[in-house]
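Biologist: I should like a close look at the internal spaces of this model, both closed and open. Please describe what lines them and what, if anything, occupies them.

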Amino acid sequence: MKAELRRRPLWQTELANSVTSPAELLRMLDLDPEQIAGDDIRGNFPLRVPRGYVRRMARGDINDPLLRQVLPVREETVQTPGFGPDPLQELKNMPEPGLLHKYHGRALLTVTGACAIHCRYCFRRHFPYSEANPGAGDWQSVIRYLCRHTDINELILSGGDPLSLSNQRLVRFSEQLGEIPHLQILRIHTRMPVVLPERIEQHLLEWLDHLRLKAVVVIHCNHANEINDEVADALSRLANAGATLLNQSVLLKGINDTGTDLARLSEVLFATGVLPYYLHQLDHVAGAAHLEVDDRTACTLMDELHAVLPGYLVPRLVREEPGKPGKTLLWPTAR
Ligand SMILES: *Cc1c(COP(=O)(O)O)cnc(C)c1O
Ligand code: SF4
């Protein structure tokens, strides 16, 4: 290994070694690359998946729920009415580059477009990060906005994946945030603990431990098979550093759309110290229509969860709708 590679943190090496070729991915899983046409349709959202995540996939199963989250498939090219590039009209709610302020008390900042994994259902798959990004770590206009808006007590770091940023940049930015007196909570929406648990290393944990703001980490796990010993270990280290751990999932056809899968997800999450928060209905982003579960089926699944799980393990079924004061709750249906 070259000297410069050795100096790199392990997680960055893992990230750089991610699988980006559908044919290679299928060969690793003993599947025939000819079986699926992936290479020609990945377009501007190419396949990307860390090797540690691939090792959690079952071999020889084209319907593996982890594989299905990352493998580009022909259905993505189908145009579906109502599915567009910016389903949440986020670009309309951006008072500063990258900053979304739609809900009372909290604002959401996309700090990077980079992710460790590319999820085929992602509602930001067409997001113009080059326009929406606050640039090379210069969040001055965002800081000024937060200072002016004394009603904002929580900043949500989103992306992309905010933990794609180096520890150094996280430290520098959070120091500035720490000086804003009305800001109390730093929420981090990240898929890293699940897809690249190596990212939860000592320096990151020290940063969390010393943060003035209360840290909430919302992981993004869609299936119990995503949680292996390394992930469980990363999660317990986050909890030990003082972070409150919550999970959000996206309801995905053919991936996690059974009561059994969802109940097992909640139980496995709980065993690793994470409470379920949201179960999202898919955002209507172009290229993801084939993964949508209709609301009726989704509510039936919620009934099933309600019948077998304690209340604190039942996630809230929601949809993100433009112009609403918060996420729209879809279940229970009676009002
Ligand atoms: C989802 C979202 C939030 C967070 O909403 P919670 O209900 O607090 O989880 C905040 N801002 C924006 C723009 C969002 O899309
Ligand atoms: S933003 Fe989240 S859901 Fe979208 S590709 Fe990145 S990790 Fe996946």
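**Cavities, pocket and ligands**

Modeller: In this predicted model, helix 12 (259-271) makes the greatest contribution to the lining of the largest cavity, giving four residues. Strand 6 and strand 7 also supply at least two residues each to that lining. The full set consists of Asn247, Ser249, Leu262, Leu265, Ser266, Leu269, Pro276, Tyr278, Leu279, Leu305 and Pro315. By class, eight of these lining residues are nonpolar and three are polar, with no charged residue among them. The space that they enclose amounts to about 70 Å³.

The count of cavities of 30 Å³ or more comes to two. The second largest cavity holds about 30 Å³ of space, and its lining is made up of Leu163, Ile188, Thr190, Leu204, Trp207, Leu208, Val217 and Leu238. Here helix 10 (202-210) has the largest share, with three residues, while strand 4 is another element that supplies at least two. Seven of the lining residues are nonpolar and one is polar; again no charged residue takes part.

The open space comes next. The largest pocket has a volume of about 960 Å³. Its lining comprises 44 residues, and those nearest the centre are Phe123, Arg124, Ser158, Gly159 and Gln248. Strand 1 (99-103), strand 2 (106-110), strand 3 (154-158), strand 4 (185-190), strand 6 (244-250) and strand 7 (275-280) are the elements that give two or more residues to this lining. Strand 6 and strand 7 thus appear in the lining of the largest pocket as well as in that of the largest cavity. Strand 4 likewise contributes to the pocket and to the second largest cavity. In contrast to the cavity linings, the lining of the pocket includes eleven charged residues, together with 19 nonpolar and 14 polar ones.

Which ligand sits in the largest pocket with Arg106, Arg187 and Tyr277 around it? Ligand 1 sits there, and its shell contains Leu100, Lys102, Tyr103, Arg106, Leu108, Ile156, Arg187, Tyr277, Tyr278, Glu320 and Lys327. Strand 1 gives the most to this shell, with three residues; strand 2 and strand 7 each supply at least two. The shell divides into six nonpolar and five charged residues, with no polar ones. Tyr278 belongs to the shell of ligand 1 and also lines the largest cavity.

Three side chains place a polar atom close enough to an oxygen atom of ligand 1 to count as a polar contact, for which the cut-off is 3.5 Å. The distance is 2.6 Å for Arg106, 2.7 Å for Tyr277 and 2.8 Å for Arg187. Taken alone, ligand 1 exposes 390 Å², and the protein buries 93% of that area.

Ligand 2 also belongs to this open space, for the space that it takes is the largest pocket. The residues around ligand 2 are Phe45, Cys115, Ile117, Cys119, Cys122, Gly160, Arg191 and His220. Five of them are nonpolar, two are polar and one is charged. The one charged residue is Arg191, because Arg counts as charged, whereas Cys counts as nonpolar and Gly as polar.

Terms used: Residues are numbered from 1 along each chain as its sequence is written. Chains are lettered from A and ligands numbered from 1 in the order in which they are written. This is a predicted model: local features need pLDDT of at least 70, side-chain atom pairs count only at pLDDT 80 or more; totals for chains, interfaces and linings use all residues. Side-chain values use heavy atoms; hydrogens and water are left out. On a 1 Å grid over the protein atoms alone, a cavity is a set of points where a 1.4 Å probe fits but cannot get out, and a pocket is an open set with protein on both sides within 12 Å along at least five of seven lines; lining residues have an atom within 4 Å of a point. Grid points are joined across faces, edges and corners, and a volume is the space filled by probe spheres set on the points. A residue is near a molecule or strand if one of its heavy atoms lies within 4 Å of it. A molecule sits in a cavity or pocket if more than half of its atoms lie within 2 Å of its grid points. A polar contact is a pair of N or O atoms within 3.5 Å; within protein, one must be able to donate a hydrogen and the other to accept it, and residues adjacent in sequence count only if both atoms are side-chain atoms. Accessible areas come from the Shrake-Rupley method with a 1.4 Å probe; for residues, only the protein chains shown count as cover.
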